[in-house]
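Thanks for making the time. I have one structure to go through today, so please look at it first and then I will talk.

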Amino acid sequence: MKDITGLLGVRYPIIQGAMAWVAEHRLAAAVSNGGGLGLIAGGSADADFVRGQIQGARALTDKPFGVNIMLMSPFADDLMQLAIDEKVRVVTTGAGNPGKYIEALKAAGIVVIPVVASAALAKRMERAGADAVVAEGSESGGHIGEITTMNLVPQVADAVSIPVIAAGGIADGRGAAAAFMLGAKGVQVGTRFLSATEAVVAQSYKDRIIAAGDTDTVVTGRFTGHPVRVLRNKLAREMLSREKVDISVEEFEGLMSGTLRKAVVDGDADYGSLMAGQSAGLVKKEQPAAEIISEIMDGMREVYAAQGEYLGMGAGA
Ligand code: TUI
């Protein structure tokens, strides 16, 4: 099986999560320059905007990077064509089943990595020709599935023979090492990169991530079928209380519409949607993306070196 770093053309098995509005070309280029795989988030942007982002990243790095295509976007078809025209190295997808696009992406020589939240979808993606999958547990920020990383990753690893990249709850070397123990061949890290120096994100949002503790995220909108994990704030409390009573999916989604932009671009930490994973509690400071990557790798080495005492094979044995 091809090693994940070889597949991606990177030094370290770390992918940056594709956070809409947050993961634009400066963050993606900084992660790629730091030896990971940077991703540009297509989000709900149109092809002209994303083309500009791809060109912007190419101006800042000669390393590979990828584009994430969020399948609920009205522009998903256009962005698939754009990825093919621009010959981006890697396409990841989220929030849906990308099966119908895989053949064309593969024919263009693109590495295809769907994000999945179940073993069943992982299997279908392998059959459809995906090169790897990201198994994203419900600790993640933004739109999530039901299963935790601890349970999802080994079950996906058992279900497929393509490499599995773990996501959800991974913000340091301990989490990354744990993911490898569960059968992952790489990790995807989102929330910690949201507070990277190069992430062009309102300071109020970064500050809320850094201040967050372990219990500071909540999941809103479960009843819509598209649950979203966010930091608690006025908007989250209001949405949670509205969904307890009676609100239609359409009205709920109308109230949420535009709130991520409000958080990232306008800096409204009260009524913006502060999407974040449960690992926000592990994020302590704003720091360059390359430093985040080297700390995760160093932390992983430390954890590996210290293990084995209960098995009579390592430190303290
Ligand atoms: O997609 C994400 N995270 C996201 S997308 C997003 S934008 C958005 N905002 C509000 C509502 C909905 C989207 C913010 N964060 N992560 C990857 C991911 N994919 N998580 C879960 C899934 C997923 C869920 C169901 C993938 C496939 C699926 O079913 C596919 C099928 O049809 O079988």
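I will take the ligand site, then two backbone angles, then the salt bridges.

One thing before that: this is a predicted model. Please keep that in mind for every distance I quote.

Start with the ligand. How many residues surround the ligand? The shell has 13 residues, and the closest ones are Ala95, Val115, Leu121, Glu136 and His143. By class, the shell splits into 7 nonpolar residues, 5 polar and 1 charged.

Three contacts to ligand nitrogen are on my list. At alanine 95, a polar backbone atom sits 3.0 Å from a nitrogen atom of the ligand. At histidine 143 there is again a polar backbone atom, with a ligand nitrogen 2.9 Å away. Glutamate 136 uses its side chain: a polar atom there lies 3.1 Å from a nitrogen atom of the ligand. As for coverage, the ligand taken alone exposes 720 Å², and the protein buries 70% of that.

Next, the backbone. Most residues other than glycine have a negative phi. I have two cases with a positive value.

Tryptophan 21 is not a glycine, yet its phi is positive, about 75°. Where does tryptophan 21 lie? It is in the loop between strand S1, residues 14-16, and helix H2, residues 25-33. With a relative accessible area of 42%, tryptophan 21 is partly exposed.

The other case is lysine 87, where phi is positive and near 50°. Lysine 87 is also a loop residue, placed between helix H4, 76-86, and strand S4, 90-94. Is lysine 87 buried or exposed? It is exposed, at a relative accessible area of 63%.

Now the salt bridges. Side chains of opposite charge can pair when their charged atoms come close. A search of the whole structure gives 12 salt bridges. I will go through three of them.

Lysine 106 pairs with aspartate 131, and the closest N and O atoms are 2.6 Å apart. The two ends are 25 residues apart, and the pair links distant parts of the chain: lysine 106 is in helix H5, residues 99-107, while aspartate 131 is in the loop between helix H6, 119-127, and strand S6, 133-136. Lysine 106 is partly exposed at 29% relative accessible area. Aspartate 131 counts as buried at 19%, and the cut-off is under 20%, so please read that label with the number beside it.

Then there is arginine 192 with glutamate 295, a salt bridge at 2.7 Å, N to O. Which parts does this pair tie together? Arginine 192 is in helix H9, residues 191-194, and glutamate 295 is in helix H14, residues 289-306, so the pair joins parts 103 residues apart in sequence. Arginine 192 is buried, with 8% relative accessible area, whereas glutamate 295 is partly exposed at 35%.

The last pair is lysine 206 and glutamate 286, with 3.0 Å between the closest N and O atoms. Lysine 206 belongs to helix H10, residues 203-211, and glutamate 286 to the loop between helix H13, 259-264, and H14, so this pair ties together parts 80 residues apart in sequence. Lysine 206 is buried, at a relative accessible area of 2%. Its partner glutamate 286 is partly exposed, at 30%.

That is what I had. I will take questions now.

Note on methods:
Residues numbered from 1 in each chain as written. Heavy atoms only, no water. Near = heavy atom within 4 Å. Polar contact = N/O pair within 3.5 Å; in protein donor to acceptor, adjacent residues only side chain to side chain. Areas by Shrake-Rupley, 256 points an atom, 1.4 Å probe, with all protein chains shown as cover. Nonpolar A, V, L, I, M, F, W, Y, C, P; charged D, E, K, R; others polar. Helix = DSSP H or I, 4+ residues; strand = E, 2+ residues; numbered from the N terminus. Buried < 20%, exposed > 50% of the residue type's maximum accessible area, 1.4 Å probe, protein only. Salt bridge = Lys/Arg side-chain N within 4 Å of Asp/Glu carboxyl O.
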